[in-house]
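Thanks for making the time. I will go through one model this morning, chain by chain and then contact by contact.

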Amino acid sequence: MATPGPAVTRPSEHTPISAAGRRRYPFLVKRPSRTWWLRTRAYRRFAAREATSLFAAAFSLILLTFLFALSRGPQAYDGFLRWLQRPGTVILLAVILVAILYHVATWFRLTSQILVIRIGRLVVPRKIVVGGLVAVWLLLSGLVLYLYALFL
Amino acid sequence: MAEETMTLRVTRYRPERGPDSYLDEFDVPYREDMVVLDALNHIKDDIDGSLTYRWSCRMGVCGSCGMMVNGMPRLTCSTYLREFHPEPVVIEPLESFPVIRDLVVDMTDFLEKLREVKPWVIREREDAVEEGEYLQTPEEVDRYKQFSMCINCMLCYSACPVYAQDPEFLGPAAIALASRYNLDSRDQGRSERDEVLGVDTGIWDCTFVGECSVVCPKDVDPAAAIQRTKVSTTTRGMLAAVWPHRGRR
Ligand code: SF4
Ligand code: FES
């Protein structure tokens with residue numbers, strides 16, 4: 001490293017963060033730990049939020065499998081239905097449901113942090129925004145159930 | 001009655017003594033109304049004058065006394081010892097910054113990033129002085145006021161795991177500062193700031209951990225500034241694609 005002046009630099013296992021070439025004094029850099037995501041509550045929440053997104057991915061795979069089975073004809077479709085009714089599958093789906101609900105809840109909370117709705121000089125409180133999101137979600141779920149009941 | 005004391009474990013780094021940091025333990029007299037900074041000042045005045053740290057205002061305004069207190073980035077002038085008493089407190093330099101000495105970190109990277117976002121009102125064409133001030137309604141001030149409260153304490157950078165892994169990341173306070181000007185009705189410099197904001201090392205590096213907003217002593221909510229910038233940049237990009245004239249603004 002080309003450092004001007006009477007430089008003292010750290011041993012090479014420490015990577016200088018930036019502007020290192022210009023720094024004319026000794027300094028110390030701590031490496032970030034690999035387990036940073038366990039350290040604070042907010043970090044753990046973040047990790048949980050990201051981890052539960054994998055369950056959402058898993059569910060879309062199951063949906064894709066369903067479509068694939070449907071396209072392959074009645075036999076494949078029946079096989080898929082039988083797989084769905086196995087106790088293992090039911091447990092898996094229950095776990096996925098819980099994880100996705102958690103994931104959705106975290107995003108409702110985050111959305112309320114991002115979304116600012118102003119009425120004049122007043123900002124709509126975050127709790128009300130979350131409430132609105134939950135209401136829309138319940139409404140849509142109700143609609144889906146209604147359609148399901150209608151076509152059954 | 002014997003005087004109550006409290007133990008401070010303070011990280012020391014004195015390059016002339018060796019390449020690594022070490023812990024020093026100090027016992028300081030404890031009073032309920034003492035803040036961490038008072039304890040450090042006591043150490044410096046009465047125990048070890050070589051202890052090095054930054055501070056100035058002692059009232060949460062100057063933003064220079066930020067350190068890790070028991071692993072969390074805090075303003076030491078606004079953090080009471082009673083929060084931890086009688087357990088010992090661990091004081092370390094702000095994380096993710098190069099340490100120059102004891103508790104003093106190098107702010108160069110942060111200051112350069114602040115400058116990169118061009119934190120001033122940019123006009124396509126300056127009005128002549130005779131034309132008067134650029135007026136603003138209280139509603140227009142509301143739009144950016146929160147993001148103008150930053151005291152540059154760098155706590156948000158220390159709390160940010162993305163900045164810890166990737167020092168190129170523009171970071172919370174700089175993006176909040178960019179938003180402060182982008183949302184200012186007098187400003188027309190959005191597209192200039194986009195050059196550092198709308199790139200991988202700008203807003204898109206952020207994974208919305210949200211800890212920056214948790215530790216911010218001024219409720220600036222830099223995490224919200226970043227996510228809102230993501231939304232507005234994307235909408236403007238899409239608008240520009242379907243409606244070239246509108247989207248340019
Ligand atoms: S945004 Fe908050 S935490 Fe970050 S530098 Fe400004 S005042 Fe400090
Ligand atoms: S000494 Fe000024 S903010 Fe703490």
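**Two chains, two kinds of contact**

In chain B, residues 24 or more positions apart account for 62% of the contacts with a separation of 6 or more. In chain A, among contacts between residues at least 6 apart in sequence, 35% join residues at least 24 apart. Please keep in mind that this is a predicted model.

Staying with the chains for a moment. Chain B has 249 residues, and 47% of them count as buried. Its secondary structure comes to 10 helices and 7 strands. The C-alpha trace of chain B spans about 75 × 40 × 30 Å along its principal axes.

Chain A has 152 residues, of which 23% count as buried. There are 4 helices and 2 strands in chain A, and from the N terminus on they run α-α-α-β-β-α.

Next, the inside of chain B. The domain assignment splits chain B into domain 1, covering 5–105, and domain 2, covering 108–242. The contact between them takes 15 residues from domain 1 of chain B and 15 residues from domain 2 of chain B. Their C-alpha centres are 31 Å apart.

How much area is buried between domain 1 of chain B and domain 2 of chain B? The figure is about 1,100 Å², with carbon and sulfur atoms giving 67%. On the domain 1 side, Pro73(B), Ser96(B) and Phe97(B) supply 43% of the area buried against domain 2 of chain B, more than any other three residues.

As for specific polar interactions, the count between the two domains of chain B is 0 salt bridges. There are 2 residue pairs in polar contact between these domains, with both residues at pLDDT 80 or more. Strand S3 (66–69) and strand S4 (72–75) of chain B each supply at least two residues of the domain 1 side that touches domain 2. S4(B) makes the largest share of that side, with 4 residues. By class, the same side of domain 1 of chain B has 9 nonpolar, 4 polar and 2 charged residues.

Now the contact between the chains. It takes 42 residues from chain B and 28 residues from chain A. Together the two chains bury about 2,900 Å², 54% of it on carbon and sulfur atoms. Within chain B, the residues that lose the most area to chain A are Pro98(B), Phe208(B) and Arg228(B), together 19% of what that side buries.

How many salt bridges are there between chain B and chain A? The count is 4. One salt bridge joins the side chains of Lys30(A) and Glu95(B), at 3.6 Å from N to O. Between chain B and chain A, 12 residue pairs are in polar contact, again with both at pLDDT 80 or more.

Which elements of chain B each supply at least two residues of the side that touches chain A? Among them are strand S6 (99–101), helix H2 (108–116), helix H3 (138–145), helix H8 (211–215) and helix H9 (222–242). The largest share, 5 residues, comes from H9(B). The residues on this side of chain B divide into 21 nonpolar, 9 polar and 12 charged.

To put the two contacts next to each other: between the domains of chain B the count is 0 salt bridges, and between chain B and chain A the count is 4. Carbon and sulfur atoms give 67% of the buried area between the domains, and 54% between the chains. That is where I will stop.

Conventions
Residues numbered from 1 in each chain as written. Chains lettered and ligands numbered in written order. Predicted model: local features only at pLDDT ≥ 70, side-chain atom pairs only at ≥ 80, totals over all residues. Heavy atoms only, no water. Domains from an automatic or database assignment. Contact = heavy atoms within 4.5 Å. Buried area = accessible area lost by both parts, 1.4 Å probe. Polar contact = N/O pair within 3.5 Å; in protein donor to acceptor, adjacent residues only side chain to side chain. Nonpolar A, V, L, I, M, F, W, Y, C, P; charged D, E, K, R; others polar. Buried < 20%, exposed > 50% of the residue type's maximum accessible area, 1.4 Å probe, protein only.
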